[in-house]
Amino acid sequence: MTTTPRHVQVVVAFDFSATAEFALQRALEIACRAPQHVLHVIAALDPRHGLAALETRDVDWQYADRVQKLVVEHVQAALHGRASEGDVEFFVHARIGHAADEILQLAQQVGADLIFVGSHGATGLERLLLGSTSSRVVAEAKCPVMVARAKGYPNVDLLRVVDGPSEHKPYHPPLRFSYVDRSAITRPNEWPIS
């Protein structure tokens with residue numbers, strides 16, 4: 001008897017910023033590798049200002065409709081030519097309201113299993129005055145939240161682990177494993193860490 005895997009509902013906050021792009025790209029990577037992930041991409045539109053990345057006159061249903069179409073085009077372009085293990089299902093939501101409120105409300109409505117948000121890196125007084133959408137979503141979400149940002153660590157060539165005694169502490173070599181054919185197998189120490 002085969003069972004169909006349960007769909008995993010993933011909310012992705014998107015506002016055309018660089019950090020939102022990182023969040024979208026991470027979510028697309030997961031959905032392409034594991035198509036049971038259903039993406040709900042949300043553009044939360046500030047009622048007074050809309051999205052900072054787009055020209056705004058009046059934030060109304062027509063503006064939301066325009067933003068929704070732009071997000072659809074953006075997601076389609078991001079998926080174009082990308083390899084996938086199966087069909088990737090996604091929905092695009094454009095909602096007028098405070099970003100954190102709208103993201104959390106959508107997460108509740110779809111029974112989110114995971115939320116992706118970007119972090120604009122506001123600190124100090126700016127964060128105190130403006131608040132942080134990602135911080136609030138992390139604090140109030142009822143599921144795991146992935147805060148996506150650009151990698152800041154340099155690439156490192158890992159050194160080969162050499163077993164040997166230590167003058168200060170007893171040494172216990174790390175246990176190495178690979179998960180192959182639905183079981184964890186011990187990796188010999190001479191296998192490189194990759």
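Contact is taken here to mean heavy atoms within 4.5 Å. On that basis, in this predicted model, residues 24 or more positions apart account for 68% of the contacts in the protein that have a separation of 6 or more. Buried residues make up 34% of the 194 residues. The protein has 5 helices and 7 strands, and from the N terminus on these elements follow the order β-α-β-α-β-α-β-α-α-β-β-β.

Five of the strands form an open sheet in the order E3-E2-E1-E4-E5, with parallel pairing. Its edges are strand E3 (90-96) and strand E5 (145-148), each of which pairs on one side only, and the twist from one strand to the next averages 20°. Within this sheet E1 and E2 run parallel and are joined by 6 bridges, with Val10 standing opposite Leu39 in E2. Helix H3 packs on the sheet, where it touches E1, E2, E3 and E4, and its direction makes about 150° with that of E2. Helix H5 likewise packs on the sheet, touching E4 and E5, and the direction of H5 makes about 160° with that of E4.

Besides their packing on the sheet, H3 and H5 pack against each other. Helix H3 (residues 99-110) and helix H5 (residues 133-140) do so at an angle of about 35°, with their axes 9 Å apart, and the crossing of the two helices is right-handed. On the H3 side the contact is made by Ala99, Ala100, Asp101, Ile103 and Leu104, and on the H5 side by Thr133, Arg136, Val137 and Glu140. By character, the residues of this contact divide into 5 nonpolar, 1 polar and 3 charged.

The largest nonpolar core has 30 residues, and those with the most contacts inside it are Val12, Val41, Leu45, Val67 and Val71. Two or more residues of this core are given by each of strand E1 (8-13), helix H1 (18-33), strand E2 (37-45), helix H2 (61-79) and strand E4 (114-118). Apart from this core lies another, of 15 residues, among them Ile103, Val110, Ala112 and Ala141; Ile103 also belongs to the H3 side of the contact between H3 and H5.

Two residues of the largest core illustrate how it is connected. Val67 is found in helix H2 and counts as buried because its relative accessibility is 0%, the cut-off for burial being under 20%. Leaving out residues up to four places away in sequence, Val67 touches Ala43, Leu45, Leu51 and Leu54. The C-alpha atoms of Val67 and Ala43 are separated by 7.6 Å, although these residues lie 24 residues apart along the chain. Leu45, with neighbours within four places in sequence again set aside, is in contact with Gly50, Leu51, Val59, Tyr63, Ala64, Val67, Ala94, Arg95, Ile96 and Gly97. Leu51 is thus listed among the contacts of Leu45 and also among those of Val67.

The remaining pairing to be described involves strand E6 (residues 177-180) and strand E7 (residues 183-186), which pair in the antiparallel sense over 4 bridges. In this pair Tyr179 stands opposite Ala184 in E7. E6 and E7 form a hairpin with 2 residues between them, and Asp181 in the turn has a positive phi of about 50°.

Definitions and conventions:
Residues numbered from 1 in each chain as written. Predicted model: local features only at pLDDT ≥ 70, side-chain atom pairs only at ≥ 80, totals over all residues. Heavy atoms only, no water. Axes fitted to C-alpha atoms, helices over the stretch in contact; angles between N-to-C directions. Left-handed = near helix turned anticlockwise from the far one by under 90°. Nonpolar A, V, L, I, M, F, W, Y, C, P; charged D, E, K, R; others polar. Core = buried A, V, L, I, M, F, W, Y, C linked by side-chain atoms within 4.5 Å. Buried < 20%, exposed > 50% of the residue type's maximum accessible area, 1.4 Å probe, protein only. Pairing = 2+ DSSP bridges.
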